[in-house]
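Work through the exercises below with the sequence and the model open. Try each task before reading its solution.

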Amino acid sequence: QVQLVESGGGLVQAGGSLRLSCAASGRTFSGYAMGWFRQAPGKEREFVAGVAWSGVRTYSADSAKGRFTISRDNAKNTLYLEMNSLKPEDTAVYYCAAGVGNIATRQDTWGQGTQVTVSS
């Protein structure tokens, strides 16, 4: 099983940018589909963006399209989420997940999360 550790969260003003990273260890990172999810206070965890094992195919939630970019570097065993034009409603704990198949619907392993806070 792969282990996941997120980093890169923090406090940023509205309109700013952050880059989240998810470092993987354990089993072969490149064999997994990967994704980013987030959970705001009082809300359910929601899908943000996903990437296939090869890194070629990506997909994202409507809330992320045009602002967030997911990517992966299989040589570095790392997943990224570049977030631009951040809004206060993007405030949440962001989690990375690994799985097989469609990461939006099936996740096998989770990281511990990293807090992103966007001030207005």
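The exercises cover charged pairs first and nonpolar cores afterwards, all in a predicted model.

**Exercise 1. Which side chains form salt bridges with Arg38?**

Solution.
- Step 1. Start with Glu46. Its side chain meets that of Arg38 in a salt bridge, at 2.6 Å from N to O.
- Step 2. Turn to Asp90. The side chains of Arg38 and Asp90 also meet in a salt bridge, with an N to O distance of 2.9 Å.
- Step 3. Place the second pair in the chain. Arg38 belongs to strand 4 (residues 33–39), and Asp90 sits in the loop between strand 8 (78–83) and strand 9 (92–99), so the bridge ties together parts 52 residues apart in sequence.

**Exercise 2. Is each of Arg38 and Glu46 buried or partly exposed?**

Solution.
- Step 1. Take the cut-off: buried means under 20% relative accessible area, exposed over 50%, and partly exposed lies in between.
- Step 2. Arg38 has 7% relative accessibility, so Arg38 counts as buried.
- Step 3. Glu46 has a relative accessible area of 35%, so Glu46 is partly exposed.

**Exercise 3. Which residues are joined into one network by salt bridges that share partners?**

Solution.
- Step 1. Look for a further partner of Asp90. Asp90 forms a salt bridge with Arg67, and their closest N and O atoms are 2.7 Å apart.
- Step 2. Locate this pair. Asp90 is in the loop between strand 8 and strand 9, while Arg67 is in the loop between strand 6 (58–60) and strand 7 (68–73); the two are 23 residues apart.
- Step 3. Check burial. Asp90 is buried at 1% relative accessibility, and Arg67 is buried at 11%.
- Step 4. Join the pairs. Through shared partners, Arg38, Glu46, Arg67 and Asp90 form one network. The structure holds six salt bridges.

**Exercise 4. How many residues does the largest nonpolar core have, and which have the most contacts inside it?**

Solution.
- Step 1. Count the core: 28 residues.
- Step 2. List those with the most contacts inside it: Met34, Trp36, Leu79, Leu81, Met83 and Tyr94.
- Step 3. Trace the suppliers. Strands 1 (2–7), 3 (18–26), 4, 5 (46–51), 7, 8, 9 and 11 (114–119) each give at least two residues to this core.
- Step 4. Look for another core. One of seven residues lies apart from it, and includes Ala33, Phe37, Phe47 and Tyr59.
- Step 5. Set this against the general rule: in soluble globular proteins, nonpolar side chains tend to be buried together.

**Exercise 5. Which residues is Tyr94 in contact with, leaving aside neighbours within four places in sequence?**

Solution.
- Step 1. Pick out contacts among the residues named above: Trp36, Phe37, Arg38, Leu81 and Met83 are among them.
- Step 2. Complete the list with Glu6, Leu20, Val48, Phe68, Gly113, Thr114 and Val116.

Note on methods. Residues are numbered from 1 along each chain as its sequence is written. This is a predicted model: local features need pLDDT of at least 70, side-chain atom pairs count only at pLDDT 80 or more; totals for chains, interfaces and linings use all residues. Side-chain values use heavy atoms; hydrogens and water are left out. A salt bridge is a side-chain nitrogen of Lys or Arg within 4 Å of a carboxyl oxygen of Asp or Glu. Buried means under 20% relative accessible area, exposed over 50%, partly exposed in between (1.4 Å probe, protein chains only). Helices (H or I, at least four residues) and strands (E, at least two) are DSSP runs, numbered from the N terminus. A nonpolar core is a set of buried Ala, Val, Leu, Ile, Met, Phe, Trp, Tyr and Cys residues joined through side-chain atoms within 4.5 Å. Contact means heavy atoms within 4.5 Å.
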